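Could you walk me through this structure one selection at a time? I have it open in a viewer and would like to know what to click on and what I will find there.

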Amino acid sequence: MKKILFIINRKAGTDREKRLEGAINRHFPASKYDVHITHLAYLGHGADLAREAVVNGVDTVVAVGGDGSINEIAQGLVDSNTAMAILPLGSGNGLARALKIPLDVDKALRLIVANKQRPIDVGYANEHLFLSNAGVGFDALIAEQFKHTKKRGLLGYAKLVLKSFSSYNPEAYHISIDGRKLDEKAFLLTVANGNQFGYEFKLAPGASVFDGQLDLCIMPPVRFYHLLPVSIYSLLGNIDKTRYLKHLTGKEIIIHSNSLQYLQVDGDAVPVGGDGSVKLTIKPAAIKVVVNE
């Protein structure tokens with residue numbers, strides 16, 4: 001009998017949760033599946049629960065939530081035989097969208113029942129795992145501010161961007177990509193594993209979690225009136241063909257700036273510390289994931 005653990009990030013209301021548990025029971029009858037449902041209780045709990053699931057021989061851990069909780073659960077599954085499935089209930093859902101996992105609960109559950117698995121790459125920024133992207137530019141500042149705001153979702157994010165844009169000074173960065181040296185002043189300096197931030201905003205439309213490499217996206221300093229075309233090109237998925245983005249690929253990227261304070265990994269801000277350097281590497285085929293294909 002297949003052992004499945006659902007780990008739910010309890011940001012949804014109780015009614016939604018009852019409906020969710022009803023849907024899980026419908027798709028995973030007790031006659032065929034050994035199903036357990038648990039909830040995140042503290043920061044880092046997802047990784048602890050996932051590690052425990054690996055030890056207990058769980059076949060699939062289902063991450064129920066947004067990119068932050070999916071990232072946390074993935075940390076406990078690297079290099080294991082336990083697969084990860086995604087039930088996307090976040091706002092941006094960057095990894096789910098990159099993997100074409102339906103945002104509809106019933107369709108996503110049907111996908112988990114079908115159980116087509118494929119190993120995906122994971123990135124590391126210093127010691128922090130990322131599945132979609134990591135960045136040190138304006139996105140890192142917004143991620144740090146987003147931590148302290150009550151307004152979630154795209155609207156809250158957009159308000160922060162508009163509020164912080166005029167006071168932001170793009171940094172000068174020293175970059176090494178597989179040994180090739182670059183000096184760039186950048187508004188956004190993002191390293192992508194998946195193809196988007198979420199909400200279908202794509203900085204690296206050609207990036208893939210299956211290709212064994214990282215995509216370095218450098219956006220030079222932009223003016224306020226550039227934000228609209230940049231957003232449109234990102235949504236259309238062709239920003240890498242415009243003057244707004246320089247795009248390179250590699251397996252090891254080192255970024256240094258004297259004033260580097262924050263790094264965002266899958267939308268969550270973490271302090272950089274040390275000498276203001278971030279080393280980004282790729283670990284190919286690190287986690288088995290239930291995919292839509």
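## First stop: Ala-108

Select Ala-108 and show its surroundings: leaving aside residues up to four places away in sequence, Ala-108 touches Ile-86, Leu-87, Pro-88, Ile-101 and Pro-102. Keep in mind during the tour that this is a predicted model. Ala-108 belongs to helix α5, which covers residues 105–114. Is Ala-108 buried or exposed? Its relative accessible area is 1%, so Ala-108 is buried, the cut-off being under 20%. Now add Ala-23 to the selection. Ala-23 and Ala-108 are 85 residues apart in sequence, while their C-alpha atoms are 11 Å apart in space.

## Helix α2 and what it packs against

Next, select residues 45–55, which form helix α2. Colour His-45, Gly-46, Ala-47, Leu-49, Ala-50 and Ala-53, the buried residues of this helix. What do the buried residues of α2 pack against? Three strands and a helix are there: β1 (2–8), β2 (33–39), β3 (60–65) and α3 (67–75). Just after α2, stop at Gly-57, where phi is positive, at about 70°.

## Two residues with unusual backbone angles

Most residues other than glycine have a negative phi. The next two selections go the other way.

- Select Asn-93, in the loop between β4 (83–88) and α4. Its phi is positive, near 50°, and it is not a glycine. Asn-93 counts as buried, because its relative accessibility is 6%.
- Select Asp-178, in the loop between β8 (171–177) and β9 (180–186). This residue also is not a glycine, and its phi is positive, about 50°. With 47% relative accessibility, Asp-178 counts as partly exposed.

## Salt bridges

The structure holds nine salt bridges. Three of the pairs are on this tour, beginning with Glu-200 and Arg-97, whose side chains meet in a salt bridge at 3.8 Å, N to O. This pair links distant parts of the chain, 103 residues apart: Glu-200 is in the loop between β10 (188–192) and β11 (214–219), and Arg-97 is in helix α4 (residues 94–98). Glu-200 counts as partly exposed, at 29% relative accessibility. Add Lys-202 to the selection, and you have a network of salt bridges that links Arg-97, Glu-200 and Lys-202.

Move on to Glu-252 and Lys-279, a salt bridge with its closest N and O atoms 3.7 Å apart. Here too the pair links distant parts of the chain, 27 residues apart, with Glu-252 in strand β13 (residues 252–256) and Lys-279 in strand β16 (residues 277–290). Glu-252 is partly exposed at 33% relative accessibility, and Lys-279 is partly exposed with a relative accessible area of 40%.

The next pair is Lys-147 and Glu-144, with side chains that meet in a salt bridge at 3.4 Å, N to O. Which of these partners is buried? Glu-144 is, at 13% relative accessibility, whereas Lys-147 is partly exposed, with a relative accessible area of 47%.

## Helix α6

Glu-144 leads straight to the next selection, as it is one of the buried residues of α6. Select residues 138–146 to see this helix, which is mostly covered, with seven of its nine residues buried. Besides Glu-144, the buried residues are Phe-138, Asp-139, Ala-140, Ile-142, Ala-143 and Phe-146. Around them, show β7 (133–135), α7 (153–165), β10, β14 (262–265) and β15 (268–271), against which the buried residues of α6 pack.

## An enclosed space

How many cavities of 30 Å³ or more does the structure hold? It holds one. The largest cavity has about 40 Å³ of space. To find it, select its lining: Ser-132, Asn-133, Thr-190, Ala-192, Gly-194, Asn-195, Gln-196, Phe-197, Leu-203 and Ala-204.

## Last stop: a patch on the surface

Finish on the outside by selecting Leu-228, Ile-232, Tyr-233 and Leu-236, which make a nonpolar surface patch of about 400 Å². Zoom in on Leu-236, in helix α8 (residues 227–236). Leu-236 has a relative accessible area of 61%, so it is exposed, the cut-off being over 50%.

Notes. Residues are numbered from 1 along each chain as its sequence is written. This is a predicted model: local features need pLDDT of at least 70, side-chain atom pairs count only at pLDDT 80 or more; totals for chains, interfaces and linings use all residues. Side-chain values use heavy atoms; hydrogens and water are left out. Patches are made of residues with over 30% relative accessible area and no salt bridge: like charges are joined within 9 Å, nonpolar side chains (Val, Leu, Ile, Met, Phe, Trp, Tyr) within 5 Å. Accessible areas come from the Shrake-Rupley method with a 1.4 Å probe; for residues, only the protein chains shown count as cover. A salt bridge is a side-chain nitrogen of Lys or Arg within 4 Å of a carboxyl oxygen of Asp or Glu. Helices (H or I, at least four residues) and strands (E, at least two) are DSSP runs, numbered from the N terminus. Buried means under 20% relative accessible area, exposed over 50%, partly exposed in between (1.4 Å probe, protein chains only). Contact means heavy atoms within 4.5 Å. On a 1 Å grid over the protein atoms alone, a cavity is a set of points where a 1.4 Å probe fits but cannot get out, and a pocket is an open set with protein on both sides within 12 Å along at least five of seven lines; lining residues have an atom within 4 Å of a point. Grid points are joined across faces, edges and corners, and a volume is the space filled by probe spheres set on the points.
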